[in-house]
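Trainee: Please take me closely through a single part of this model, one contact between two elements, and then set it against a few other sites in the chain.

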Amino acid sequence: MNDFILPDIGEGIVECELVKWLIKEGDVIEEDQPVAEVMTDKALVEIPAPHAGTVIKLYCQEGEIARVHAPLFAVDDGLGSDDDSEKHREDTREDDPVGDVVTVAAPARSTAQAQSAASQVSSRQSNVAASASKSAGTGATASQTAATLERRSRDFILPDIGEGIVECEVVTWHVAEGDTVEEDQTIVDVMTDKALVEITASEPGRIVRFHYAQGENARVHTPLYAYVPDEEAEAESTESTESDVTSSERKQAQPELLAEHRQEGDDKSDDKSGQDGRHEESRPRIPATPAVRRLLREHQLDIQAIAGSGRNGRVLKEDVLAYLKQSEAHETDVTPDDSHKVGAAVETDKAAAEACAVASDVASDEVRSSRLESKAVPLKGVAAVMARRMVQASTQIPHFHYGDELDITDLLALRARLKARAQQQGIRLTLMPFIMKAMALAVIEEPILNARLSEDESEILYQGSCNIGMAVDSASGLMVPNVKGVERLSILEIAREVGRLTEAARSGRVAQADLKGGTLSISNIGALGGTYAAPIINQPEVAIVALGRTQRLPRFDSEGNVCARDIMTITWAGDHRIIDGGTIARFSNLWKHYLEHPDEMLLSLS
């Protein structure tokens with residue numbers, strides 16, 4: 001039994017109303033047969049059946065809401081359970097010595113068609129019937145094995161990833177259909193609007209099929225892929241051992257059998273087409289959607305000439321387009337005769353060749369000017385959520401900015417002395433741990449910088465831990481992982497966390513826990529060369545600081561002498577609903593004092 005998953009209807013539609021069922025439980029349906037009418041917010045859409053079979057169960061009632069990528073109805077592939085299938089094969093052998101040939105050749109045919117085909121086959125010669133039975137055994141065994149695995153398969157349901165995420169993009173499948181996987185093995189990477197998440201196998205087994213292709217959006221709590229657990233796969237392997245032993249003999253007999261059947265089929269088809277013109281109906285039906293068949297009709301193509309890359313040989317739209325492209329390329333190829341004519345023309349007209357050389361210089365200029373291309377790139381994943389949140393923060397929060405500069409000459413000297421000690425422990429010591437630690441110490445004096453506003457804006461919520469986030473420019477977009485409990489950590493512990501989070505963010509594999517719970521943020525724009533910036537607050541936090549690049553600049557010392565100092569510019573952004581200029585100035589001055597006199601931080605360390 002297979003679940004038919006309601007496909008993506010397009011235009012961002014995630015649910016639709018089931019208006020009318022065109023089938024009922026127990027009906028035998030054909031491929032591409034309309035099964036239901038659904039109403040989106042755009043129009044009435046007719047849903048076709050992906051393959052033939054018997055309808056087992058309808059999951060939605062008329063008038064209910066059906067969600068895209070969720071099961072709509074269940075359909076049996078026609079083989080039934082193992083016992084029923086075996087009983088059917090025994091009955092067929094008793095009534096018809098080559099009945100298996102009919103079953104394999106046309107599993108979706110009606111009873112009348114199957115009986116008609118059986119009567120035609122029974123009139124064959126005895127030696128052909130015997131070889132046909134052997135050859136059909138191979139196809140039947142393979143088909144029955146795949147069908148049994150399909151029936152025994154289980155769906156892996158995409159779990160709740162957290163933070164209200166309802167869908168994610170399938171980025172990379174790390175396995176292929178048919179692969180054997182171990183428990184906790186990475187199966188697929190999915191991209192949420194937060195980060196790249198690895199989905200692992202819940203138990204060992206064999207992958208049967210994927211419900212989503214790379215680039216598609218998978219919804220939480222819906223089937224992600226189908227698999228067969230190890231014990232089920234081993235049972236199926238044991239049952240098929242006997243047929244595997246004789247498979248080589250059957251393969252040797254198959255070419256001769258096919259040749260005899262082809263010759264006999266041609267003779268019969270000629271007679272039949274002369275009688276009632278039904279030759280085309282004897283050809284096996286290749287699965288394809290109505291849209292693909294319409295595309296074939298528009299280009300006057302025969303579906304038999306196109307190799308299908310979909311499941312069970314299904315011809316996809318991509319297959320048709322690739323066939324058309326290949327045909328066009330073949331038509332535009334220059335034949336040997338044409339090549340001779342072109343060569344003769346060039347030899348007899350050297351002036352034209354020189355003109356082409358001059359024109360090539362002009363063409364190269366045109367190529368340089370056309371390096372840019374017009375294209376549309378979908379905004380999704382981390383980039384999409386960043387766009388939404390920046391708009392939300394900039395429109396809902398009244399920002400005000402406060403700028404200053406830090407003299408970090410002494411801090412750089414301290415870092416240089418401690419750098420070698422940190423390297424002995426495998427830690428890369430940057431300025432960020434010192435900046436975070438000084439900020440956490442300043443929060444103790446001005447805790448409102450570590451607070452947030454309640455959703456109804458009726459309360460100020462003070463946080464019991466200083467979790468400082470740092471903006472990282474990753475390949476997936478802007479991420480802000482945070483170091484938890486900075487006020488309780490040492491400089492080396494903060495440096496270790498900063499290194500871990502930076503590496504994870506740049507690879508796009510930040511854990512959800514590292515992205516949640518931030519209370520204050522730092523944007524190190526100076527790492528890219530910027531001097532000034534006006535940052536946007538990372539909601540629901542109430543403040544963020546942008547660090548500019550460090551410059552060696554002339555300054556006056558306490559005695560009025562000009563000296564060279566290392567200066568870093570900073571720009572604060574505060575939420576003016578609960579923070580005023582005096583509050584952020586006092587906080588910034590205390591933070592600045594710790595950084596300009598790093599030895600005094602020792603007096604405040606707990």
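Mentor: What follows starts with one helix pair and then moves outward to other sites.

This is a predicted model, in which local features need pLDDT of at least 70 and side-chain atom pairs count only at pLDDT 80 or more, while totals for chains, interfaces and linings use all residues. Residues are numbered from 1 along each chain as its sequence is written, and side-chain values use heavy atoms, with hydrogens and water left out.

The protein has 18 helices and 26 strands, where helices (H or I, at least four residues) and strands (E, at least two) are DSSP runs numbered from the N terminus. The part to examine is the pairing of helix 14 (residues 432–445) with helix 15 (residues 491–506), whose axes come within 9 Å and cross at roughly 120°. Here axes are lines fitted to C-alpha atoms, for helices over the stretch in contact, and angles run from 0 to 180 degrees between N-to-C directions. Helix 14 and helix 15 are therefore oblique to each other, since angles under 35 degrees count as roughly parallel, over 145 as roughly antiparallel, 65 to 115 as roughly perpendicular and the rest as oblique. The crossing of helix 14 and helix 15 is right-handed, meaning that the near helix is turned clockwise from the far one by less than a right angle.

On the helix 14 side, Met432, Pro433, Phe434, Met436 and Lys437 meet Ile491, Ile494, Ala495 and Val498 of helix 15, with contact taken as heavy atoms within 4.5 Å. Sorted by class, this contact holds 8 nonpolar, no polar and 1 charged residues, where Ala, Val, Leu, Ile, Met, Phe, Trp, Tyr, Cys and Pro are nonpolar, Asp, Glu, Lys and Arg are charged, and the others, Gly among them, are polar.

Asn450 belongs to the loop that joins helix 14 to strand 18 (451–453). Asn450 is buried at a relative accessible area of 2%, given that buried means under 20%, exposed over 50% and partly exposed in between, with a 1.4 Å probe and protein chains only. Setting aside residues up to four places away in sequence, Asn450 touches Val443, Gln463, Ser465, Cys466, Asn467 and Thr519.

Other loops offer a comparison. Ser153, between helix 4 (126–152) and strand 9 (154–157), is buried at 18%, and beyond its neighbours within four places its contacts are Val208, Arg209, Ala226, Tyr227 and Val228. Lys24, in the loop between strand 2 (15–21) and strand 3 (28–29), counts as exposed at 54%; beyond its neighbours within four places, Lys24 contacts Val55 and Leu58.

Within strand 15 (residues 217–219), Ala218 is buried, with a relative accessible area of 0%. The C-alpha atoms of Ala218 and Glu169 are separated by 6.1 Å, although their positions lie 49 residues apart along the chain as a sequence separation. Across the protein, 63% of contacts between residues at least 6 apart in sequence join residues at least 24 apart, and 38% of the 606 residues count as buried.

Helix 17 (residues 581–596) allows a check on helix geometry: at 1.5 Å a residue its 16 residues should span 22 Å, and its end C-alpha atoms are 22 Å apart, which agrees; the expected span is 1.5 Å times one less than the number of residues. Among the buried residues of helix 17 are Phe587, Trp591 and Lys592.
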